[in-house]
Amino acid sequence: MIQFAACALLLFAATCATAMEPIAISSDGENFVYATSGKRFTPWGFNYDHDGSGRLLEDYWNDEWSTVEEDFAEMKGLGANVVRIHLQVGKFMAGPDQPRAAALAQLKRLLALAEREDLYLDLTGLGCYHKPDVPQWYDELDEAGRWKTQAAFWSAVAETCAASPAVFCYDLMNEPVVPGGNKPQPNWLGPGFGDKFFVQFITRDRGDRERADVALAWIKTLVPAIRAHDPQHLITVGLVPWSLDRPGLTSGFVPEKIAGPLDFIAVHIYPEKDKQAAALETLAGFAAVGKPVVIEEIFPLKCGPEQLSEFIDKSKPQADGWIGFYWGTTPAELQTGEQTIGKAITLSWLEMFQKKAEAIKE
């Protein structure tokens, strides 16, 4: 009996030793830590936003679950510790206040997969990336109705995810914008990038309100919807680099004016060739808020992989994490078949990502 108890205790200890710890902000507010051990945590991962053919996750995660499992294992093998997924409004909401139970069940299944692979999830919500998938009823809502539905979305997601240690953060929306100028916006979505729409307006008519005030009010509407179910996991919002309060194009989400309810700052930066200094200056503007900063989107889109690697190294004093892209094709697979510039760039990125992984995360 004593021997059995001792074995059970050892098994329990081993299980605890390998269990995922929730991620928190350090006591000095400067970086991320494992909540139990206090050891520093550095996000290093991938946006898993679509597959190689452009399908969004919800397009195939029901019928091709094995693909999702394989991709998560591949991302883990490349050295990732965070995966950013993008959840679409139309796939999760059947009506203004009616979440889809089947979608939430599949999200819970994804959480279990993340726990098995020891990968943390950046859960980015309220996506409208494919226009045909955006419900007509959602487009027809006014500002108050749309914000209410967005709060209902986050309430349902947070209730589903609250108990899982695999949640790194809730990202309220990818690249939200408050309109500038005095004319109402004709649409809720900004210009497309190919067949996808990543930029979204949180209001179509700001009236005489200050843009940053609208942004802050929107954040203060959604954060309590999450906190009602999940007081623990981190909350952020994915900001475009032109969110800083400076001359030229701006989003209205001025970091120092909207950061209060957020746990950390997430910014998307694609350094341009031979313009690292400008990208670092932009990053410094977000870091000046005094909260941890994650470069939530980064890729050699406008520069080569070598320059991107240099930028990541130089950004370490201001950035606390980096999230690139993975579209389900391994380095070995990228080396087969017809070779294209796109495949070569992606291959170089993945090789660089894997090479830097251990040093970044240590």
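**Figure 1. Helix α10 passes helix α11 in a right-handed crossing.** In this predicted model, the axes of α10 and α11 come within 11 Å and cross at roughly 35 degrees. On the α10 side, the contact is made by Gln276, Ala279, Leu280 and Leu283, which meet Gln307, Glu310, Phe311, Lys314 and Ser315 of α11. Sorted by class, the contact of α10 with α11 has four nonpolar, three polar and two charged residues.

**Figure 2. Surroundings of the buried residues of helix α11.** Helix α11 spans residues 305-315, and Gln307, Leu308, Ser309, Phe311, Ile312 and Ser315 are buried within this helix. The elements that cover these buried residues include the strands β4 (44-47), β14 and β15, together with the helices α10 (276-287) and α13 (341-361). Among the buried residues, Gln307, Phe311 and Ser315 of α11 also take part in the contact with α10.

**Figure 3. Eight strands close into a barrel with parallel pairing.** The order of the strands is β4-β5-β8-β9-β12-β13-β14-β15. From one strand to the next, the twist averages 25 degrees. Within the barrel, strand β14 (residues 293-297) runs parallel to strand β15 (residues 321-325), and two bridges join this pair. Valine 294 has glycine 321 in β15 as its bridge partner.

**Figure 4. Strand β9 and the strands with which it pairs, β8 and β12.** Strands β8 and β9 run parallel and are joined by four bridges. The pairing of β9 with β12 is likewise parallel, and four bridges connect these two strands. Aspartate 171 of β9 is the bridge partner of threonine 124, while in β12 the bridge partner of aspartate 171 is threonine 236. Eight of the eight residues of β9 are buried, and this strand is therefore largely enclosed by the rest of the structure.

**Figure 5. Helices α5 and α8 against the strands of the barrel.** Helix α5 (residues 101-117) packs on the sheet and touches β5 (82-88), β8 (120-127) and β9 (167-174). The direction of α5 makes about 155 degrees with that of β8. Helix α8 (residues 211-227) lies across β8, β9 and β12 (234-239), and runs at about 145 degrees to β9. Strands β8 and β9 are thus touched by α5 and crossed by α8.

**Figure 6. Helix α5 passes helix α7 in a right-handed crossing.** The axes of α5 and α7 (residues 143-161) come within 10 Å and cross at roughly 40 degrees; the two helices are therefore oblique to each other. Leu104, Leu107, Lys108 and Leu111 of α5 meet Ala156, Val157, Thr160 and Cys161 of α7. By class, six nonpolar, one polar and one charged residues make up the contact of α5 with α7.

**Figure 7. Alanine 228 in the loop between α8 and β12.** Alanine 228 has a relative accessibility of 61% and therefore counts as exposed, the cut-off for this class being over 50%. Along the chain, alanine 228 and tryptophan 147 are 81 residues apart, and their C-alpha atoms are separated by 16 Å.

Conventions:
Residues numbered from 1 in each chain as written. Predicted model: local features only at pLDDT ≥ 70, side-chain atom pairs only at ≥ 80, totals over all residues. Heavy atoms only, no water. Pairing = 2+ DSSP bridges. Axes fitted to C-alpha atoms, helices over the stretch in contact; angles between N-to-C directions. Contact = heavy atoms within 4.5 Å. Parallel < 35°, antiparallel > 145°, perpendicular 65-115°, else oblique. Left-handed = near helix turned anticlockwise from the far one by under 90°. Nonpolar A, V, L, I, M, F, W, Y, C, P; charged D, E, K, R; others polar. Buried < 20%, exposed > 50% of the residue type's maximum accessible area, 1.4 Å probe, protein only.
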